[in-house]
Amino acid sequence: MPMNAHYALTEPIRDAVDTLSKEHPLLVEFGASWCPICEAAQPLLVEAFGGGHERIQHIKVEDGKGQPLGRSFKVKLWPTLIFMRHGQEVERLVRPTNAADIRAALERIDGP
């Protein structure tokens, strides 16, 4: 599945995210469309996904004060990238600054 360029209109519930990550490797991206740091991270994500990773599902969640999914992951800064596999968080990147770190995390969850 390719990188998702758009924030979800409705936030998924935590149980659905955990279940989905048992079926597919999953990247949950927390941020906001108006956030300049989030926008700066988008080319890094495009570059990191450029090497494949078709099995990884990418969900973009527009986070904000009191949003339950972000609070369940204890998100404090945007963007926060949560890499999940088998229903568990494998890695977290907060405000990533290079595509290599994102690519390495994608590779860790995209294994057999």
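E91 sits in strand 4 of this predicted model. This residue is a good place to begin, and from there we can walk over to helix 4 and then to two cysteines. E91 has a relative accessible area of 18% and therefore counts as buried, since the cut-off for buried is under 20%.

**Around E91**
- The side chain of E91 makes a polar contact of 2.5 Å with the side chain of R108.
- If you set aside the neighbours within four places in sequence, E91 touches L81, I82, F83, A105 and R108.
- One of those partners, A105, is also a buried residue of helix 4.

**Helix 4**
- Helix 4 covers residues 99-109, and its buried residues are A99, I102, A105, L106 and I109.
- These residues lie on the same side of helix 4, because they cover an arc of only 130° around the axis.
- Which elements help to cover them? Among them are strand 1 (26-31) and helix 2 (36-49).
- Strand 3 (80-85) and strand 4 (88-94) are also part of that cover.
- Look at the start of helix 4 too: there, a side-chain oxygen of N98 comes to within 3.2 Å of the backbone nitrogen of A100.

**Cysteines**
- C35 is buried, with a relative accessible area of 6%.
- C38 is buried as well, and its relative accessible area is 0%.
- A disulfide is a covalent bond between the sulfur atoms of two cysteines.
- How many disulfides does the structure hold? The number is 0.

Methods: Residues are numbered from 1 along each chain as its sequence is written. This is a predicted model: local features need pLDDT of at least 70, side-chain atom pairs count only at pLDDT 80 or more; totals for chains, interfaces and linings use all residues. Side-chain values use heavy atoms; hydrogens and water are left out. Buried means under 20% relative accessible area, exposed over 50%, partly exposed in between (1.4 Å probe, protein chains only). Helices (H or I, at least four residues) and strands (E, at least two) are DSSP runs, numbered from the N terminus. The arc is that of the directions from the helix axis to the C-beta atoms. Contact means heavy atoms within 4.5 Å. A polar contact is a pair of N or O atoms within 3.5 Å; within protein, one must be able to donate a hydrogen and the other to accept it, and residues adjacent in sequence count only if both atoms are side-chain atoms. A disulfide is a pair of cysteine sulfur atoms within 2.5 Å.
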